Amino acid sequence: MPEANIFMDLSEPPLFIDMTGATIPYPEIVGYGSSSVVLQSSGKAVKTPLRRPDSRASEVVENLDTIRLEQMVYIRLQPLANQAACPEVLKWIEFTFFSTELELMRAGTLRNLLDKALIEPPAYKMKAWMRQLARGMMYIHSRNVLVVDVKSWNVLLTDDLMVQYCDFGGSSLLPTNLNMDNVCDCGYTVKIDVALLGAIFYEIATGNRCDVDLFLRNKRRYIHSFPRWPHRWHLPPTVGVFFGGVIERCWMPIEEGGIQTAWELDVALERIEAGLDPSNEPVWA
């Protein structure tokens with residue numbers, strides 16, 4: 001959810017309408033994506049289906065279905081009896097037929113913070129973010145959910161700069177009796193989630209964007225019909241990058257020693273913090 005000034009640099013900002021057909025005022029909008037618009041209302045974030053004046057009814061219905069899928073994911077992710085809520089998952093407040101009320105994160109997204117940072121975050125903060133994201137993903141996977149849309153603009157910051165996952169509209173909600181390590185849902189796996197998390201780690205460590213194209217849409221000759229992790233040469237080098245070894249292992253194939261699960265990633269981070277493993281091997285020049 002980007003910050004409230006997202007239309008400042010646009011000469012013709014997009015026009016959105018609500019489900020009654022009324023125009024949504026720009027100051028109320030804190031973010032929007034391909035299927036939803038997020039508004040600020042009474043100190044809460046309210047997520048509604050994206051609707052433009054020229055939107056077809058089928059498009060609005062599809063966007064509404066995405067909102068409802070996300071509501072089902074949030075229900076799955078709520079803590080079980082005698083469990084504490086996962087601090088790395090955005091808290092939902094209330095569901096309605098047309099919207100989802102969420103906790104409002106005024107600090108914005110991790111991507112916005114990294115874009116605006118004049119200096120790199122201190123090492124302890126980068127380590128903390130990586131550990132929180134690994135643990136959050138571990139919890140999400142434990143509830144048989146694949147995040148799928150693992151990107152830094154889908155990670156929010158609390159007032160004390162803790163990270164939280166949000167935006168589960170594209171996630172895979174899987175049967176609870178499946179072994180997540182073996183699940184492949186239209187090409188998406190726990191390994192793909194972990195590899196994409198490695199891209200977020202790279203952004204945290206360098207401040208540079210690391211957009212991964214799982215379908216090679218920008219290639220003229222070959223487009224994947226299902227998501228596939230790209231060849232190594234499509235990814236940036238990790239030589240000299242903070243925690244570059246962990247990032248590299250997130251990207252490496254499992255059979256070559258790559259990290260498969262969020263649990264393995266959390267263990268790898270813990271071993272580095274304990275001084276048992278180096279943080280910068282292996283690397284790719």
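S42 is exposed in this predicted model. Its relative accessible area is 70%, and a residue counts as exposed over 50%. S42 sits in the loop between β2 and β3. Its phi is positive, at about 55°, although S42 is not a glycine. N144 also has a positive phi without being a glycine, with a value near 60°. This residue belongs to the loop between α3 (123-142) and β6 (145-146). N144 has a relative accessibility of 6%, so it counts as buried, the limit being under 20%.

The chain is divided into two parts, domain 1 (29-103) and domain 2 (108-274). Their C-alpha centres lie 22 Å apart. The two domains touch each other: 18 residues of domain 1 are in contact with 20 residues of domain 2.

An open sheet of 5 strands follows the order β1-β2-β3-β5-β4. Its pairing is antiparallel. Strands β1 (29-32) and β4 (92-95) stand at the edges. Each has a single partner strand, so one side of each is left without a neighbour in the sheet. From one strand to the next, the twist averages 25°. In a regular strand, side chains alternate between the two faces of the sheet.

The pairings can be followed strand by strand. β1 and β2 pair in the antiparallel sense over 3 bridges. A hairpin of 3 residues joins β1 to β2. Within this pair, G31 has V38 in β2 as its bridge partner. Further along, strand β3 (residues 44-49) and strand β5 (residues 100-103) run antiparallel and are joined by 4 bridges. Here V46 stands opposite E101 in β5. Helix α1 (residues 57-77) packs on the sheet. The helix touches β2 (36-41), β3, β4 and β5. The direction of α1 makes about 135° with that of β3.

T100 shows the surroundings of one residue in the sheet. This threonine is found in strand β5. With 0% relative accessibility, T100 counts as buried. Leaving aside neighbours within four places in sequence, T100 is in contact with A45, V46, K47, I67, Q71, E94 and F95. With Q71 there is also a polar contact between the two side chains, at 3.0 Å. T100 and M180 are 80 residues apart in sequence. Their C-alpha atoms are 27 Å apart in space.

The largest nonpolar core has 67 residues. Within this core, L133, L197, F201, I204, W251 and L265 touch the most other members. Helix α4 (residues 190-206) supplies the largest share, 12 residues. Domain 1 and domain 2 both give residues to this core, so it lies between them. Another core, of 6 residues, lies apart from it. Among its members are F16, I24, V37 and L39.

What surrounds L133? Beyond its neighbours within four places in sequence, L133 is in contact with V155, V163, Y165, L197, I200, F201 and I204. Of these contacts, L197, F201 and I204 also appear among the core members that touch the most others.

Helix α5 (residues 244-251) is mostly covered. In this helix, 7 of the 8 residues are buried. They are G244, G245, V246, I247, E248, C250 and W251. What covers them includes α4 and α6 (262-273). W251 is also one of the residues that touch the most other members of the largest core.

E248 of α5 takes part in a polar contact with T238. The contact joins the two side chains at 2.7 Å. T238 lies in the loop between α4 and α5. Its relative accessible area is 0%, so T238 is buried. E248 is buried as well.

Notes:
Residues are numbered from 1 along each chain as its sequence is written. Side-chain values use heavy atoms; hydrogens and water are left out. A nonpolar core is a set of buried Ala, Val, Leu, Ile, Met, Phe, Trp, Tyr and Cys residues joined through side-chain atoms within 4.5 Å. Buried means under 20% relative accessible area, exposed over 50%, partly exposed in between (1.4 Å probe, protein chains only). Helices (H or I, at least four residues) and strands (E, at least two) are DSSP runs, numbered from the N terminus. Domain bounds come from an automatic or database domain assignment. Contact means heavy atoms within 4.5 Å. Two strands pair if DSSP finds at least two bridges between them. Axes are lines fitted to C-alpha atoms, for helices over the stretch in contact, and angles run from 0 to 180 degrees between N-to-C directions. A polar contact is a pair of N or O atoms within 3.5 Å; within protein, one must be able to donate a hydrogen and the other to accept it, and residues adjacent in sequence count only if both atoms are side-chain atoms.
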